[in-house]
Amino acid sequence: MKKLLTISILITAIAGCKKDLTLTDPDHATAASFWKTATDAQQGVAAIYSTYHRVGLARNLYFFTMIHSDEGYSTSPNPDIVNVYDVFNITDYNDWQITTVYQDDYIGINRCNQVIDNVPAIPMDAGVKSQLIGEAKFMRGFFYFNLATTFGNVAIQLHEPKPGEYPATKSQDSVFAQAEQDLTDAAAALPPSYDAADVGRATKGAAYAMLGKCYMQQRKWQQAQAAFEWLVTGPGKSLYSLVPNYRSNFIETSENNSESVFEWQNKVNPNDTHDDDTQPGTSDNLNYGTSIPPFFAPSPVGFTDGQARRWVVWEFLKEQTADGHRDPRLPATFLYDSTDERGPAFTLAYGKPWNQLGLAAPGIPHSNVNEVCFRKQLDDSLMTGEVFHSGNNYRYIRYADVLLLYAEALNAQGQTSQAYPYVDQVRVRAGLAPLSTAKPGLSQTDFLNQLKHERITELTGEGHRWEDLARWGDLGTGLAARDAGFAYFKTGRDEFFPIPQFDIDVNPNLKQNPGY
């Protein structure tokens, strides 16, 4: 499948509990006429995957997880981006930057609930039915994981909403527990792999990896270890491996490779005019890709609304490869003046040397030749510019991430010596000496500190930094030494975003997050 078909046949844009006037469109299916055939079931699941192309998840979520953390910042001329994502100054709880992610998670959950509620009654092949319900459970688990890590305490909706229902706020632990139940169910139902026509669908390995990520955020180390084992040492071990060329994990021509555990399938639609897949219409004008590249690309190619902190570059330079060279993951992670270590005259960006790109041209925002741009979402390897409908997949879970999380779970249980080999795999692929050779015999605390470094050099710019900081208990003003925005961080409030006020206004059972 490079790319799952999308459909918006009856998928109502329900975000939380907003009250909307519902009108019947005679040209589109309704719940009463849909959910009758195996084709309906397939299309209903395809609609869930379509949620990943909505603006909240396909663009704004990257700001949540990267710019909001200490690896990124913003000098955008749009003050909302700076205030919401960089300096913890949120005054409008209905701000578009926030509500789009919240809404899209609940739109996705509603689509999952429709599949889970309706597909069991459809007469069709039992194995396919079980798989489709498993995919819906997997994605509902992802959406609740995303809500738990970004909004914390939210409502849990497990069926199609009915008039007069007002689900109450649940604790973050309860939201994680629901995600864990969904992902456990999904792991039991999903196949280990698919044929070429269906590559990109959620698999058993993806479900176990997401389940492990949930347990990690709750510091349930033993349960996390057990979930990751399916991929690392168990039945799924033969399905995953680190690809030799690290950079190939982020290029469109090498998608869905052996390192991919789950990636969002993007596709270019040359006729797209919008990214709202709830809009009715007979023409296919939907954006099937991601619009993030122009917002991260260097000016004048893009807007540079989100940039990387220079301290992260220095982290890569702390250690050379075994043969005395720079870590090859550094140029794969960033576009900056020394992506080519010979300097800006040799660093190519979109077919031009860095010092000829026009970064310092008069009137161009962010005209700073020293800026550092996140590269992994960019298309500079294939294009001379950026577009709002990139077809480059988002590798949401890579096997390298699983290996490092598995090592962290082992170390947290005092099994530090057993954790070394899994970090070694990641380092050796990058050309570094095995950790067991470079730093043998680390204590549990020192090994965790080393893992923090390893996750920066392997995973920067992939959307995991915020959840790492939260899991380690590192969120706070102590980060201000390397990210000035954290000087404004308020403990007990800024761990989560505020619940959109328009949902609270219509649902008496919702509570605002502490501190807002």
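Trainee: How many ångströms should the 23 residues of helix H4 span?

Mentor: The expected span is 1.5 Å times one less than the number of residues. For H4 (residues 96-118) that gives 33 Å, and the end C-alpha atoms are 32 Å apart, which agrees. Helices here are DSSP runs of H or I with at least four residues, strands are E runs of at least two, and both are numbered from the N terminus. This is a predicted model: local features need pLDDT of at least 70, side-chain atom pairs count only at pLDDT 80 or more, and totals for chains, interfaces and linings use all residues. Residues are numbered from 1 along each chain as its sequence is written, and side-chain values use heavy atoms, leaving out hydrogens and water.

Trainee: Is H4 enclosed or exposed?

Mentor: Buried means under 20% relative accessible area, exposed means over 50%, and partly exposed lies in between (1.4 Å probe, protein chains only). In H4, 21 of the 23 residues are buried, so the rest of the structure largely encloses it.

Trainee: What caps the N-terminal end of H4?

Mentor: Asp95 does. One of its side-chain oxygens lies 2.8 Å from the backbone nitrogen of Gln97.

Trainee: Which residues of helix H8 are buried?

Mentor: Ala224, Gln225, Ala227, Phe228, Trp230, Leu231 and Val232. They pack against helix H7 (204-217), strand S2 (260-264), helix H12 (399-412) and helix H13 (416-429). Contact means heavy atoms within 4.5 Å.

Trainee: How many salt bridges does a search of the whole structure find?

Mentor: Side chains of opposite charge can pair when their charged atoms come close. A salt bridge needs a side-chain nitrogen of Lys or Arg within 4 Å of a carboxyl oxygen of Asp or Glu. The search finds 34. One of them joins Arg247 and Asp380, at 3.6 Å from N to O. Arg247 lies in the loop between H8 and S2 and Asp380 in the loop between S7 and S8, so the pair ties together parts 133 residues apart in sequence. Arg247 is buried at 13% relative accessible area, and Asp380 is buried at 9%.

Trainee: Which residue forms a salt bridge with Arg427?

Mentor: Glu319, with the closest N and O atoms 2.5 Å apart. Arg427 sits in H13 and Glu319 in the loop between helix H10 (310-316) and helix H11 (329-333), so this pair ties together parts 108 residues apart in sequence. Arg427 is buried at 0% relative accessibility, while Glu319 is partly exposed at 23%.

Trainee: Which side chain of opposite charge is nearest to Asp379?

Mentor: Count Lys and Arg as positive, Asp and Glu as negative; His and the chain ends are not counted. The nearest is Arg395, 7.8 Å away, and Asp379 is buried with no salt bridge. Asp379 belongs to the loop between strand S7 (373-374) and strand S8 (394-398). Leaving out residues up to four places away in sequence, it touches several residues, including Glu252, Tyr350 and Asn392.

Trainee: Where does Asn392 lie, and what does its side chain contact?

Mentor: Asn392 is in the loop between S7 and S8. It is buried, at 4% relative accessible area. A polar contact pairs N or O atoms within 3.5 Å; within protein, one must be able to donate a hydrogen and the other to accept it, and residues adjacent in sequence count only if both atoms are side-chain atoms. The Asn392 side chain makes one with the side chain of Arg395, at 2.8 Å.
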